[in-house]
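This report covers selected side-chain pairs, one helix and the ligand site. The sequence and structure are shown first.

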Amino acid sequence: MTPQTASPFIDIHPPVAEALRAGKPVVALESTIITHGMPYPDNGAMAAKVEQIIIEGGATPATIAVVNGRIKIGLSDGERESLAMTGDAMKLSRADIGFAVAESRTGGTTVAATMIAAHIAGIKVFATGGIGGVHKGAEKSFDISADLDELARTPVIVVSAGAKAILDIEKTLEVLETRGVPVVGHACETMPAFWSRQSRFRAPLTLHNAEEIARFYETRQALGLSGGILIANPVPRNDEISADEMAGYIEAAQKAAEAQNVTGKAVTPFLLGKILELTDGRSLKTNIALVENNARLAAEIAKAL
Ligand code: PSU
Ligand code: MN
């Protein structure tokens, strides 16, 4: 529930507030995917569609962002569209969400920051595309997403299509295991790889439906086990791009990032943009399809809880 000291900085969109008060299912959505993950106007259209899917699934969507220093739990259509058009929005993770609030800035929240805000508001389920993780070459760059640490500490179920295939999936799984984060394949034994249904790695755990996922979450809570759960939900078959085909694009994007000295927070948006270019927009279509698919499952989980 909203801690007293946080509430002066938070605006809960009326339909979300009402659903939370009534104990109805709510699904949080991140906004870095809007501000940094996709180009305009596809980003705004995707964000609207995903909210629609959650409503059709019987839950209330709450897109989370920081707008002029206010932590928004749920956006109006106008606010969401205007965020989609904000060219200079910040990318906000745990390290910078407080800064954006203190300095009245506007930004998209990453998986980590969205988990923080969702938890403050009392929302237990959150749908995204892919989480951040351990980047390829992390042994040199030390680039490991704050999303992994957040999953270890904040009790929110994150529904994803796995870790983005631009990452080192094997090392990402290792860090999640070390930090005590359950990684659950949804009706699959193999870890998905974002644009592709299969990576080369096994899903550490498998559950078959929303009810089983809800029961697992509640059991962990009852046992006093802290932290979240990562659900890995494969992209629908008709929308996938095979891992073999993606590998070439990913390598080319990585080379371009190195050549242009792209580092830090800019790496993920740069790689996604480059891959979009290299695939002639196909990666974007797949990205949208998998987010929609995750929103559907998240709504079912929210109802099952
Ligand atoms: N999934 C997408 N597109 C994105 C992201 C995820 O389909 O843009 C964002 C998420 O917000 C995730 C962030 O938390 O990328 C990870 O960034 P970094 O690797 O810098 O932690
Ligand atoms: Mn990073």
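In this predicted model, Asp168 is buried because its relative accessible area, 16%, falls under the 20% limit. Its side chain meets that of Lys171 in a salt bridge, with 2.9 Å from N to O. Lys171, in contrast, counts as partly exposed, at 34% relative accessibility.

Two further salt bridges link distant parts of the chain. Arg282 and Glu245 meet through their side chains at 2.8 Å, N to O. Arg282 belongs to helix α13 (residues 282-304), while Glu245 belongs to helix α11 (residues 243-259), and the two residues are 37 apart in the chain. Arg282 is partly exposed at 37% relative accessibility, and Glu245 is partly exposed as well, with a relative accessible area of 31%.

Glu292 and Lys49 form another such pair, with 3.5 Å between N and O. Here helix α13 is joined to helix α3, across a separation of 243 residues. Glu292 is buried, with a relative accessible area of 11%, whereas Lys49 is partly exposed at 41%.

The three pairs are set out below.

| Salt bridge | N to O distance |
|---|---|
| Asp168 and Lys171 | 2.9 Å |
| Arg282 and Glu245 | 2.8 Å |
| Glu292 and Lys49 | 3.5 Å |

The model has 15 salt bridges by the rule applied. Asp11, Arg70, Lys72 and Glu79 are linked by salt bridges into a network.

Helix α4 spans residues 77-85, and within this helix Arg80, Leu83 and Ala84 are buried. Viewed down the axis of α4, the buried residues fall within an arc of 100°, so they line one face of the helix. An α-helix has 3.6 residues a turn, so residues three or four places apart point the same way. The buried residues of α4 pack against two helices, α2 (32-37) and α3 (42-56), and against two strands, β3 (60-67) and β6 (107-109).

Ligand 1 has 18 residues around it, of which Glu30, Lys91, Val111, Ser145 and Asp147 come nearest. An N or O atom in the side chain of Glu30 is 2.6 Å from an oxygen atom of ligand 1. For Val111, a polar backbone atom is 2.8 Å from a ligand oxygen. Lys164 places a polar side-chain atom 3.2 Å from an oxygen atom of ligand 1. Taken alone, ligand 1 exposes 480 Å², and the protein buries 95% of that area.

Terms used
Residues numbered from 1 in each chain as written. Chains lettered and ligands numbered in written order. Predicted model: local features only at pLDDT ≥ 70, side-chain atom pairs only at ≥ 80, totals over all residues. Heavy atoms only, no water. Buried < 20%, exposed > 50% of the residue type's maximum accessible area, 1.4 Å probe, protein only. Helix = DSSP H or I, 4+ residues; strand = E, 2+ residues; numbered from the N terminus. Arc of directions from axis to C-beta. Contact = heavy atoms within 4.5 Å. Near = heavy atom within 4 Å. Polar contact = N/O pair within 3.5 Å; in protein donor to acceptor, adjacent residues only side chain to side chain. Areas by Shrake-Rupley, 256 points an atom, 1.4 Å probe, with all protein chains shown as cover. Salt bridge = Lys/Arg side-chain N within 4 Å of Asp/Glu carboxyl O.
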